Amino acid sequence: MIEKISEMVKNLTMIIIIISSLINLISGREYEKYVRYIVGMLIAIYILNGFMSVIKSEGLNEEFSISDKYYDKCIKDADEIFSKTYEETLSKEITREIGNGLKNAGYSVSSLSCYYQEGEGYFLKFTASSQENVNVIKNYIRDFYQFDVTHIYGYTEDKRGGVK
């Protein structure tokens, strides 16, 4: 039992060193909190899994047991959180990148947002001053960013400040 715990601590130390190195290599600090959250969850699951294997191998699983369903649920929840965080972060990054690109190219939009739809991909919505500008901006986004034109929705502003 001591050997297994010792091996688990050695492996955990290596994992933490590698992950710390990877976090330091991340260029954008805005992602660091998401990475740390997911890494923390994965380390907790690793530790729990290690102790459960020690307990099962020593025959103590009658006193200390966590069902496989609960363990699988934890893994599934961690995966869903990571996927959702990844999709939200990527949507924000796409919005920022395309917004900066439009501004640098001389195009003006009053609103711009990107969202993810399960099974369909990323969609982009923006509002411009006229239908002509909507068409020009749509073509620019399609050509420059290789964005699927069927996933780009452009709207125009009416004279009262609303959106058509």
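Here are some friendly notes on the predicted model shown above.

1. **The overall plan.** Start by finding the main elements: the protein has four helices and three strands. Walking along the sequence, you meet them in the pattern α-α-α-β-β-α-β. The protein has 164 residues, and 25% of them count as buried. Its accessible surface comes to about 11,400 Å², and carbon and sulfur atoms account for 56% of that area. Now look at how the chain touches itself. Among contacts with a separation of 6 or more, 55% are between residues 24 or more positions apart.

2. **The sheet.** In which order do the three strands stand in the sheet? The order is S1-S2-S3, the sheet is open, and the pairing is mixed. S1 and strand S3 (152-156) are at the edges with a single partner strand each, so each of them has one side without a neighbour in the sheet. On average, neighbouring strands of this sheet are turned by 15 degrees against each other, direction ignored.

3. **The hairpin.** Next, zoom in on strand S1 (residues 111-117) and strand S2 (residues 121-128), which pair in the antiparallel sense over seven bridges. Two pairs of residues are handy for tracing this on screen. Serine 111 has threonine 127 in S2 as its bridge partner, and serine 113 stands opposite lysine 125 in S2. Three residues lie between the strands of this hairpin, and glycine 119 has a positive phi near 80 degrees there. As you follow a strand, keep a general point in mind: in a regular strand the side chains alternate between the two faces of the sheet.

4. **A positive phi outside glycine.** Which residue other than glycine has a phi near 55 degrees? That residue is glutamine 146, and its phi is positive. This is worth a look because most residues other than glycine have a negative phi. You will find glutamine 146 in the loop between H4 and S3. With 65% relative accessibility, glutamine 146 counts as exposed, because the cut-off for that word is over 50%.

5. **The aromatic rings.** A pair of aromatic rings is described by two things, the distance of the centres and the angle of the planes. The count for this model comes to seven aromatic pairs. In one of them, tyrosine 107 and tyrosine 140 have ring centres 5.0 Å apart and planes at 50 degrees, so this pair is tilted. The two residues come from distant parts of the chain, 33 residues apart: tyrosine 107 is in the loop between H3 and S1, while tyrosine 140 is in helix H4 (residues 131-145). Tyrosine 107 is partly exposed at 28% relative accessibility, whereas tyrosine 140 is buried at 18%. Another pair, tyrosine 115 with phenylalanine 123, is stacked, with 5.4 Å from centre to centre and 15 degrees between the planes. Is phenylalanine 123 buried or exposed? Phenylalanine 123 is buried, with a relative accessible area of 5%, while its partner tyrosine 115 is partly exposed at 31%. Finally, try selecting Tyr107, Tyr140, Phe144 and Tyr145 together, since they form one aromatic cluster.

6. **The salt bridges.** How many salt bridges does the count come to? The count comes to two. One joins the side chains of arginine 96 and glutamate 93, with 2.4 Å from N to O. Both of these residues lie in helix H3 (residues 68-104), and they are three residues apart, about one turn of the helix. Arginine 96 counts as partly exposed, at 41% relative accessibility. The other salt bridge links the side chains of arginine 142 and aspartate 143, at 2.8 Å from N to O. Here both partners are partly exposed: arginine 142 has a relative accessibility of 32%, and aspartate 143 has a relative accessible area of 46%.

Key
Residues numbered from 1 in each chain as written. Predicted model: local features only at pLDDT ≥ 70, side-chain atom pairs only at ≥ 80, totals over all residues. Heavy atoms only, no water. Salt bridge = Lys/Arg side-chain N within 4 Å of Asp/Glu carboxyl O. Buried < 20%, exposed > 50% of the residue type's maximum accessible area, 1.4 Å probe, protein only. Pairing = 2+ DSSP bridges. Axes fitted to C-alpha atoms, helices over the stretch in contact; angles between N-to-C directions. Contact = heavy atoms within 4.5 Å. Areas by Shrake-Rupley, 256 points an atom, 1.4 Å probe, with all protein chains shown as cover. Phe/Tyr/Trp six-rings, centres within 6.5 Å; stacked < 30°, edge-to-face > 60°.
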